[in-house]
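Q: Please walk me through one part of this model up close. After that, I'd like to hear about any other spots worth a look.

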Amino acid sequence: MTDSASPRPRRRIGKILLGGLVIVALLAGLSAWFLHARYTRFADAPLAGLSTDGTLVVARGDSFQRVLGRLREAGAVQGHELEWRLLARELGADARIQVGEYPLDPKTTPRELLVRMRDGKVIHHRFTIVEGWNIRELRAALGRATPLVQTLRDIDDAALMDALGKPGVHPEGRFLPETYLYTTGDSDMDLLRRANTALEAALDRAWESRAEGLELKDREQVLVLASIIEKETGIAEERPAISGVFNRRLKIGMRLQTDPTVIYGMGTAYDGNIRRSDLQTDTPYNTYTRDGLPPTPIAMAGAAAIHAATHPADGDALYFVAVGDGSGRHVFSPTYAAHNVAVREYVRRYRSKFGQGDASSGNAAEAAVGGDAAPPNAIEVEAATGAAESDG
């Protein structure tokens with residue numbers, strides 16, 4: 001009796017166990033479905049709590065946990081750390097988050113943010129080196145640039161060039177004017193290094209394609225002349241013509257007699273006006289008192305000015321003076337007599353508009369006529385108006 005009855009309870013126990021296993025499997029499936037649904041919602045739901053203008057900075061050496069901590073500090077509270085780690089591993093971002101600054105937006109999802117950090121889609125900032133700036137203006141602008149890391153505030157120009165691997169080189173004109181992109185963590189020296197490399201490349205291109213019969217002896221002279229051309233006009237199409245004037249003067253041994261070099265030699269003493277005494281005071285940069293080119297560039301020359309220095313326009317002009325009509329353009333003349341006529345016309349136009357004031361008063365006159373071209377200097381005005389009176 002006992003043996004014949006034993007299989008029945010065992011079958012009942014087996015059914016109970018099987019039922020229990022089914023329930024456990026269902027619960028496990030439901031749990032897995034719930035966790036997957038929660039994980040999916042986390043991965044693809046916007047990161048509510050972030051400000052519209054926030055950013056996340058990933059520094060060199062940051063761990064994933066440190067990055068997640070910064071994200072929490074920025075207001076992203078959703079998602080367990082395990083969910084973030086699983087998502088990062090799924091996307092291949094767990095060990096590939098790149099250094100930089102990333103935009104945070106409440107509409108961004110965790111998936112989108114991790115992909116962005118994996119691919120290094122960082123915020124780029126802009127810094128523009130302006131054509132015609134001198135090294136003081138460049139350094140001052142760098143000092144105001146954020147978030148550029150500042151390393152130059154306590155070093156002089158000589159130390160700056162040493163750091164660039166160019167000891168003993170004058171810093172003026174050594175950085176190509178254009179707009180440079182940089183990211184958080186880049187330094188002012190990083191940017192200058194790139195600008196110097198770009199300058200060298202522009203010089204190489206111009207020198208290799210230079211016109212035949214060019215009076216300039218090497219790339220250094222090209223850069224010096226280009227800086228003068230840059231300061232003499234803001235009109236792009238005039239640069240080759242101005243280059244032609246200076247190349248012809250160099251060829252015949254005529255002094256350049258260009259005011260921007262005098263101004264540069266005056267340094268901080270320049271107050272907006274060039275006086276007769278300034279033109280007659282000898283400095284290494286006074287091209288009225290010294291032959292040839294000045295010893296260094298006087299400003300940052302752009303690629304167009306560098307190209308113009310090596311590709312001067314043909315012609316016979318040896319002089320030029322501002323038109324004075326607000327256009328910033330110049331009148332080019334082949335002879336001193338013709339130049340005097342152009343200067344007298346400038347003075348006549350100035351005085352008919354502004355009275356009998358000083359038509360050679362530097363920035364004041366330039367601002368008054370509204371142009372970019374500098375007015376004739378005091379000696380030119382005196383020579384031209386004196387000639388006019390003697391003609392009468």
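A: Let's fix one word up front: a residue is buried when its relative accessible area is under 20%, exposed when over 50%, and partly exposed in between (1.4 Å probe, protein chains only). This is a predicted model, where local features need pLDDT of at least 70 and side-chain atom pairs count only at pLDDT 80 or more, while totals for chains, interfaces and linings use all residues. Residues are numbered from 1 along each chain as its sequence is written, and side-chain values use heavy atoms, with hydrogens and water left out.

Ser 333 sits in strand β6 (residues 330–333) (strands are DSSP E runs of at least two residues, helices H or I runs of at least four, numbered from the N terminus). Its relative accessibility is 3%, so Ser 333 counts as buried. Leaving out residues up to four places away in sequence, Ser 333 touches Ala 317, Leu 318, Tyr 319, Ala 338, His 339 and Ala 342 (contact means heavy atoms within 4.5 Å).

Now the close-up, helix α8. Its 21 residues (188–208) should span 30 Å at 1.5 Å a residue, and the end C-alpha atoms are 30 Å apart, so the two agree (the expected span is 1.5 Å times one less than the number of residues). Plenty of α8 is tucked away: its buried residues include Asp 188, Met 189, Leu 191, Leu 192, Ala 195, Asn 196 and Ala 198. The buried residues of α8 pack against β3 (125–128), α6, α7, β4 (179–182), α9 (219–232) and α13 (303–310).

Take α13 as the partner. The two axes (lines fitted to C-alpha atoms over the stretch in contact, with angles from 0 to 180 degrees between N-to-C directions) come within 9 Å and cross at roughly 25 degrees. That makes α8 and α13 roughly parallel (under 35 degrees; over 145 is roughly antiparallel, 65 to 115 roughly perpendicular, the rest oblique). On the α8 side, Leu 199, Ala 202, Leu 203, Ala 206 and Trp 207 make the contact, meeting Ile 306, His 307 and Thr 310 of α13. By class, that contact has six nonpolar, two polar and no charged residues.

Two backbone oddities sit in loops. A cis peptide bond, with omega about 5 degrees, links Thr 146 to Pro 147, and Pro 147 falls in the loop between α6 (135–144) and α7 (157–163). Gln 257 isn't a glycine, yet has a positive phi of about 45 degrees; the loop between α10 (239–252) and α11 (259–266) holds Gln 257. With 36% relative accessibility, Gln 257 counts as partly exposed.

Key:
Ala, Val, Leu, Ile, Met, Phe, Trp, Tyr, Cys and Pro count as nonpolar, Asp, Glu, Lys and Arg as charged, and the others, Gly among them, as polar.
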